[in-house]
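Student: Could you walk me through how to read a few features of a protein model?
Tutor: Gladly; let us put the model on screen and begin.

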Amino acid sequence: MTESGGSVDRVSIPSSFLATGNQYGDASYYATLFATDVAEHLFPISGDLAYEPVFQLSSHDEHVGATMESAFHRYGSHGGYGQSLSAILSEFGNRTAQRLVLSGFQALEIAPTIDANARPIGFSVLRINGARNFAGFTWQVIPKDTLVGTDLRNLKPANQRLIRIPRNRVVRMRLPRRYRGIPGGLEALGQMGGAVPDFVIRSLHPNQTHKVPYDLEELKGIEQRAVASITKSTGWSGRWAFDDAVTRYYTMRRFLRFEEFKVRLREAVADTINRILTVAGASVGFAAKISLHHLPRLEEIEDSRSDLAAGRLGYREMLDRYSIHR
């Protein structure tokens, strides 16, 4: 049941009941940091920038806004209740992008909310955990021995391993083409940022006669170069993991590249939300679109690059110019 008294007519199994590890997958150290930085700096956490909503709805119909708040509320803080629509959509964008940069792909089920007479009165946006695309359809792959149910005290084994989600319910989201190699690169960094190898620890024992030569500084340098190389297309700083190895000028160049990455990711989120509204509107009977405001644009980044090249842009000024938390 929903807070409006209707029930959600979903096909997929709730993701919270799937035994697939933690909510972000088995991410490595650097992958986790990268995804966290994206989520914290993509949209303002409050949904406001200089007290202005960053998401604006084309429709002035209050019913449409209320329907959207109900549909996306699960992604807001404390369930989204009492927050503005812009704040709820901001958190949806942050959470979706956080998963997207790790997996490269997300699938959402747009499930109608129906009343006692099976009439659509709203919709819900549901993440399809374990989504796969093949044979022209989106399928939810249920891991073996998964327990499902609405009562955590009375879970039962799932009776299906594959669930086909109807095409008219699915909205898929992928990273922009130029960034689609990022998840694989982050996965390749899985061995970085970890502990010193066991054979090195053993060689440090005072009774160990055979010492293995091992240069920790060289390892650090290799790790820095690997992180810088794999995240080059996004411009991510690696939490300053390689700050000592580059000049301030190139640090600023990478910063602006990361801002460009976030702009393109925001556009992908906005496009996804509009496709959700198209699918939901066909079922519920409304027409609406959202647009982004008060956030950096590609044109501004190009201007900053010109200012940087001409020596007109300082480091602190650059940080202030692109802060979304002010």
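We will go from the overall fold to helix packing, then to rings and backbone angles.

Student: What should I keep in mind about this model, and how many helices and strands are in the protein chain?
Tutor: Keep in mind that the model is predicted. The protein chain has nine helices and 13 strands. Of its 326 residues, 44% are buried. Among contacts with a separation of 6 or more, 69% are between residues 24 or more positions apart.

Student: How do I read the packing of two helices?
Tutor: Two packed helices are described by the angle between their axes and by the distance between those axes. Take α1 (residues 29-41) and α3 here: their axes are 8 Å apart and the packing angle is about 150°. Angles over 145 degrees count as roughly antiparallel, so α1 is roughly antiparallel to α3. Their crossing is right-handed.

Student: Which residues of α1 and α3 make the contact?
Tutor: From α1 come Ala31, Phe34, Ala35, Thr36, Val38 and Ala39, and they meet Asn94, Ala97, Gln98, Val101 and Leu102 of α3.

Student: At what angle do the axes of α3 and α7 cross?
Tutor: They cross at roughly 115° and come within 10 Å. The two helices are therefore roughly perpendicular to each other. Here too α3 passes α7 in a right-handed crossing. On the α3 side the contact includes Leu89, Phe92 and Gly93, as well as Ala97 and Val101. On the α7 side it is made by Phe261, Leu265, Val269, Ile273 and Ile276. Notice that Ala97 and Val101 of α3 also appear in the contact with α1.

Student: Now the rings. How many aromatic pairs does a search of the whole structure find?
Tutor: The search finds 13 aromatic pairs. One of them joins tyrosine 29 and tyrosine 30 edge-to-face, at 4.9 Å centre to centre with 75° between the planes. Edge-to-face applies because planes over 60 degrees apart fall in that class. Tyrosine 29 counts as partly exposed because its relative accessibility is 44%, whereas tyrosine 30 counts as buried at 6%.

Student: Where does the pair of phenylalanine 72 and phenylalanine 92 sit in the chain?
Tutor: Phenylalanine 72 is in helix α2 (residues 62-72) and phenylalanine 92 is in helix α3 (residues 85-103), so the pair links distant parts of the chain, 20 residues apart. The geometry is edge-to-face, with 5.0 Å centre to centre and 75° between the planes. Both phenylalanines are buried. Elsewhere, ring pairs link Phe34, Tyr179, Trp236, Phe258 and Phe261 into a cluster.

Student: Which charged residues sit over rings?
Tutor: The charged end of arginine 164 sits over the ring of phenylalanine 137, 4.2 Å from its centre. Arginine 248 lies over the face of tyrosine 315, at 4.2 Å from the ring centre.

Student: Last topic: why does a positive phi catch the eye?
Tutor: Because most residues other than glycine have a negative phi. In this model, alanine 135 has a positive phi of about 55°. Alanine 135 is in the loop between β7 (131-134) and β8 (137-141), and its relative accessible area of 63% makes this residue exposed. Arginine 239 is another non-glycine residue with a positive phi, near 55°. Arginine 239 is in the loop between α6 (216-230) and α7, and counts as partly exposed at 39% relative accessibility.

Terms used
Residues numbered from 1 in each chain as written. Predicted model: local features only at pLDDT ≥ 70, side-chain atom pairs only at ≥ 80, totals over all residues. Heavy atoms only, no water. Phe/Tyr/Trp six-rings, centres within 6.5 Å; stacked < 30°, edge-to-face > 60°. Buried < 20%, exposed > 50% of the residue type's maximum accessible area, 1.4 Å probe, protein only. Helix = DSSP H or I, 4+ residues; strand = E, 2+ residues; numbered from the N terminus. Lys NZ or Arg CZ within 6 Å of the ring centre and 35° of its normal. Axes fitted to C-alpha atoms, helices over the stretch in contact; angles between N-to-C directions. Parallel < 35°, antiparallel > 145°, perpendicular 65-115°, else oblique. Left-handed = near helix turned anticlockwise from the far one by under 90°. Contact = heavy atoms within 4.5 Å.
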